[in-house]
Amino acid sequence: SSGINAEWPLRPGWCNLALSELKGGKLAGGIQAVNRALEIEPRNTKALYRKGKLLEQKGELEEAEKALKQAVSIEPGSQGCKQFLKELSKKIANQKKKQQQMYKKMLNLEEEEKKEKSTDCDSALIPLLNK
């Protein structure tokens, strides 16, 4: 055995198919294609970048960030990967901030409801106490 993977020539095809699927909005097919490219060549930064783009489009920001961090660790000089990673990190931070605000708002609403219920009870009891 020469040690060369027989599927090596297919890697660009899978990577290009992933890009085509991304552009066509076919995220599941694109993720399958990019995962196939990464099975053949796990350290392919182009495939990791495309995987990140596909996952971002799918709304899986943390998974996209993992793929980009892996790409940057393999190729630290890649400006495209570093820029995309920076953008993803901002999106994740904004998403977490929105979630926190939403939870805070939900908790405040629950507190308001409790106050309203106790006020309703108080107002119902006052006429009875005045008799």
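Buried means under 20% relative accessible area, exposed means over 50%, and partly exposed is what falls in between. Keep those cut-offs handy, as we'll use them at nearly every stop. One more thing before we start: this is a predicted model.

**Start with the whole chain**

Switch to a cartoon view and colour by secondary structure. You'll find 5 helices and 0 strands. From the N terminus on, the order is α-α-α-α-α. Now picture the inside: buried residues make up 27% of the 131 residues in the protein.

**Stop 1: the loop before helix 5**

Select S78. This serine lies in the loop between helix 4 (61-74) and helix 5 (79-129). Is S78 buried or exposed? Its relative accessible area is 12%, so S78 is buried. Show its side chain and follow where it goes: it reaches the backbone nitrogen of C81 at 3.2 Å.

That makes C81 a natural next click. C81 belongs to helix 5, and because its relative accessibility is 4%, C81 counts as buried. Add L68 to your selection too. C81 and L68 are 13 residues apart in sequence, yet their C-alpha atoms are 6.3 Å apart in space.

**Stop 2: the end of helix 4 and the start of helix 3**

Move to S73, which sits in helix 4. S73 has 56% relative accessibility, so it counts as exposed. Its side chain turns to the backbone of Q70, reaching the oxygen there at 2.8 Å.

Now pick T45 and draw a distance between the C-alpha atoms of S73 and T45. You should get 9.4 Å, for two residues 28 apart along the chain. T45 is in helix 3, and because its relative accessibility is 14%, T45 counts as buried. Which residue does the T45 side chain contact? Select E75 and you'll see: the two side chains are joined by a polar contact of 2.9 Å.

**Stop 3: salt bridges**

Side chains of opposite charge can pair when their charged atoms come close. In this model the count comes to 4 salt bridges. Let's visit some of them.

Begin with R36 and E39. Their closest N and O atoms are 2.9 Å apart. Both residues lie in helix 2 (residues 27-40), 3 residues apart, which is about one turn of the helix. Turn on the surface and compare the partners: R36, at 24% relative accessibility, is partly exposed, while E39, at 55%, is exposed.

Next, select E56 and K91. How far apart are the closest N and O atoms of this salt bridge? The distance is 2.4 Å. This pair links distant parts of the chain, with E56 in helix 3 (residues 45-58) and K91 in helix 5, 35 residues apart. The two partners also sit in separate accessibility classes: E56 is buried, because its relative accessible area is 12%, and K91 is partly exposed at 38% relative accessibility.

Then go to helix 4 and choose K66 and E63. Their side chains meet in a salt bridge of 3.1 Å, N to O. Here again the residues are 3 apart in one helix, about one turn. K66 has a relative accessible area of 53%, so this lysine is exposed. E63 has 37%, so it is partly exposed.

**Stop 4: a lysine over a ring**

Show K53 and F84 as sticks and rotate until you look at the ring side-on. K53 lies over the face of F84, at 4.2 Å from the ring centre. If you like rings, keep hunting: the structure holds 1 aromatic pair.

**Last stop: a patch on the surface**

Finish on the outside. Select M102, Y103 and M106 and switch the surface on. Together they form a nonpolar patch, with about 310 Å² of accessible area. Zoom in on M102, which lies in helix 5. Why does M102 count as partly exposed? Because its relative accessibility is 43%, which lies between the 20% and 50% cut-offs.

**Retrace your steps**

For a quick replay, click through these selections:

- S78 and C81, for the side chain that reaches a backbone nitrogen.
- T45 and E75, for the polar contact between side chains.
- E56 and K91, for the salt bridge that links distant parts of the chain.
- K53 and F84, for the lysine over the face of a ring.
- M102, Y103 and M106, for the nonpolar surface patch.

Note on methods. Residues numbered from 1 in each chain as written. Predicted model: local features only at pLDDT ≥ 70, side-chain atom pairs only at ≥ 80, totals over all residues. Heavy atoms only, no water. Phe/Tyr/Trp six-rings, centres within 6.5 Å; stacked < 30°, edge-to-face > 60°. Lys NZ or Arg CZ within 6 Å of the ring centre and 35° of its normal. Helix = DSSP H or I, 4+ residues; strand = E, 2+ residues; numbered from the N terminus. Buried < 20%, exposed > 50% of the residue type's maximum accessible area, 1.4 Å probe, protein only. Polar contact = N/O pair within 3.5 Å; in protein donor to acceptor, adjacent residues only side chain to side chain. Patch = residues over 30% accessible without salt bridge, like charges linked within 9 Å, V, L, I, M, F, W, Y side chains within 5 Å. Areas by Shrake-Rupley, 256 points an atom, 1.4 Å probe, with all protein chains shown as cover.
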